[in-house]
Amino acid sequence: MNDLARSHHDAPLDDLSLAAVAGQGLALRRVDDADAAQVAAWLDAVSRGFLDGERNETQHRAFFDLLGYRRKLGVYDEDAPHPETPSATFASWAAELTVPGGTVPTCAITSVTVAPTHRRRGLLRSLMTGELRTAASLGLPVATLTVSESGIYGRFGFGPAAHATSWTIASRRATWTGPIAPGRVDFVSREHARTLVEALHERIRRTSPGEVDMPGGHWDRFLGTRPDAEKADQRRVLQYRSPAGEVDGLVLYSVTENEHDYSESTLDVALLMAATDEAYAGLWRFLLSMDLIGTVRAGELSTDEPLWWMIADQRAARIAVRDHHYVRILDVPAALRARRFGAPGLVALEVADALGLAEGRWLLRADADGTGHVTAWEGAAPAGAITARLGVAELSAAYLGGVSLATLARAGRVETTDADALARVFGWSRAPRLSYWY
Ligand SMILES: CC(C)(COP(=O)(O)OP(=O)(O)OC[C@H]1O[C@@H](n2cnc3c(N)ncnc32)[C@H](O)[C@@H]1OP(=O)(O)O)[C@@H](O)C(=O)NCCC(=O)NCCS
């Protein structure tokens, strides 16, 4: 854990949140990561909150061993029959988010649940607003999360910044027209892939806006190499190795047989990682040409995949888009300085924020090399500046370049003097992506 991650993990609870929860006769506490019973009860509450079954000893143990780095909050009800099981949960950790041309520290939020017995009395609001204040006070410029439902987090200033596409490809119909990669594709064991996956992700994530680094047991969960993994034996792994001998790509998949017609089985890609264009082409071509597979499905791809331009029949792919990775800017100058911009320009931003964290007037000067300089402004907007009035959720949605600010202006969500110029400044060449949930 670096210093920021440690101070975030150990930070005291927010006074306003403590008071609001206490006002309901409940107690807000941090979970002691060294106390296995406390951690197990907290995990049970998360599981119940997400409509999952009871956790067993193996799952408790794996969670205890692997996820101590997460700051875990619980709301406890001493009058409940099982007061050790929290009525609300919330977790976060200091991670690194890739943004256009750089990275920025983020408060990554997860495990947000309120028990059905305690819903809609403001517990999420108390936890979220307090934890955002804490993150901001520690100097984390943004917060991020993935969501179970779209309607929850906009009110807290989050905007959907990296969309995900789910693909269903009729693989025989697709017909590969992309490059023939020069390397080789081989099966490797899940255990062998585990030795490669973290380094590969580190190579990939820094050039892919929207990705975050993932500590703990994340990769073991994907690869089924942790004791609590389910259906691990169903997963297969292929690697792509370049002619120079470097493993530049991995794909993890499982197959569902079609018992009525074995030649029409379905292959589900759990994760395809490619550090080079050749690895991307090599792995996708391999998947689309496998015998007995009629359908290839993949999720959490970006909205602008090269794959679509590597098949002769684009209608062989049915693509569904949804909101996926949400961003909430907490510190406008720090967040804007961390990214590069698509075109030079002077933008006078007026940002509204119901929580007051990112509210203000900020002057962004984007240089020709994409660097952003940010200062505060008052009074009249500087001559020659594009002005833009928008909420923090809109600025956050556009932060990774995943939606054009011209589109948000047309949607009535941004007021600006020049939507096209504004969109060029904030635009980016690559659609953001987050390749998993957290
Ligand atoms: C989503 C959840 C955490 C909300 O908790 P809660 O304590 O009931 O929420 P609050 O009472 O603090 O509500 C805060 C605001 O969010 C709104 N809200 C809460 N849940 C909502 C939902 N699912 N959809 C839309 N709005 C929601 C409330 O109406 C309230 O609105 P207001 O500010 O206009 O008054 C809870 O319903 C839950 O645990 N759901 C199942 C697990 C889940 O989906 N968690 C989210 C994971 S990303």
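Strand 10 (265-274) and strand 11 (293-301) each contribute at least two residues to the lining of the second largest cavity. Strands here are DSSP runs of E with at least two residues, helices are runs of H or I with at least four, and both are numbered from the N terminus. The model is predicted; local features need pLDDT of at least 70, side-chain atom pairs count only at pLDDT 80 or more, and totals for chains, interfaces and linings use all residues. Residues are numbered from 1 along each chain as its sequence is written, and side-chain values use heavy atoms, with hydrogens and water left out.

The second largest cavity has a volume of about 40 Å³. A cavity is a set of points, on a 1 Å grid over the protein atoms alone, where a 1.4 Å probe fits but cannot get out; lining residues have an atom within 4 Å of a point. Grid points are joined across faces, edges and corners, and a volume is the space filled by probe spheres set on the points. Among the lining residues of this cavity are Val269, Leu271, Glu300, Arg433 and Ser435. By class, six are nonpolar, two polar and two charged. Ala, Val, Leu, Ile, Met, Phe, Trp, Tyr, Cys and Pro count as nonpolar, Asp, Glu, Lys and Arg as charged, and the others, Gly among them, as polar.

Three cavities of 30 Å³ or more are found by this rule. The largest holds about 60 Å³ of space. Its lining comprises ten nonpolar, no polar and no charged residues. Trp219, Phe222, Leu250, Leu252 and Met273 are among them. Helix 8 (218-223), strand 9 (247-256) and strand 10 each supply at least two residues of this lining.

Strand 10 also lines a pocket, giving four residues to the second largest one, the largest share of that lining. A pocket is an open set of grid points with protein on both sides within 12 Å along at least five of seven lines. The second largest pocket encloses about 540 Å³. It is lined by 26 residues, of which Ser208, Ala274, Tyr280, Arg430 and Arg433 are the closest to its centre. Helix 7 (190-205), strand 10 and helix 9 (277-288) are the elements that give two or more residues. Twelve nonpolar, seven polar and seven charged residues make up the lining.

Twelve strands form an open sheet with mixed pairing, in the order 1-2-3-4-5-12-6-11-10-9-8-7. Two strands pair if DSSP finds at least two bridges between them. Strand 1 (27-30) and strand 7 (184-188) are the edge strands, each pairing on one side only. The twist averages 25° from one strand to the next. Axes are lines fitted to C-alpha atoms, for helices over the stretch in contact, and angles run from 0 to 180 degrees between N-to-C directions.

Within this sheet, strand 5 (residues 142-146) is mostly covered, with five of its five residues buried. Buried means under 20% relative accessible area, exposed over 50%, and partly exposed in between, for a 1.4 Å probe and protein chains only. Val142, Thr144 and Thr146 are buried on one face, Ala143 and Leu145 on the other. Strand 4 (residues 102-114) runs parallel to strand 5 and is joined to it by three bridges. Ala108 stands opposite Thr144. From strand 4 the chain passes through helix 5 (residues 123-137) to strand 5 in a right-handed β-α-β crossover. Right-handed means that, with the strands pointing away from the viewer, the path from the first strand over the helix to the second runs clockwise. Strand 12 (residues 317-329) pairs with strand 5 in the antiparallel sense over five bridges. Ala143 stands opposite Arg328 of strand 12, and Leu145 stands opposite Tyr326.
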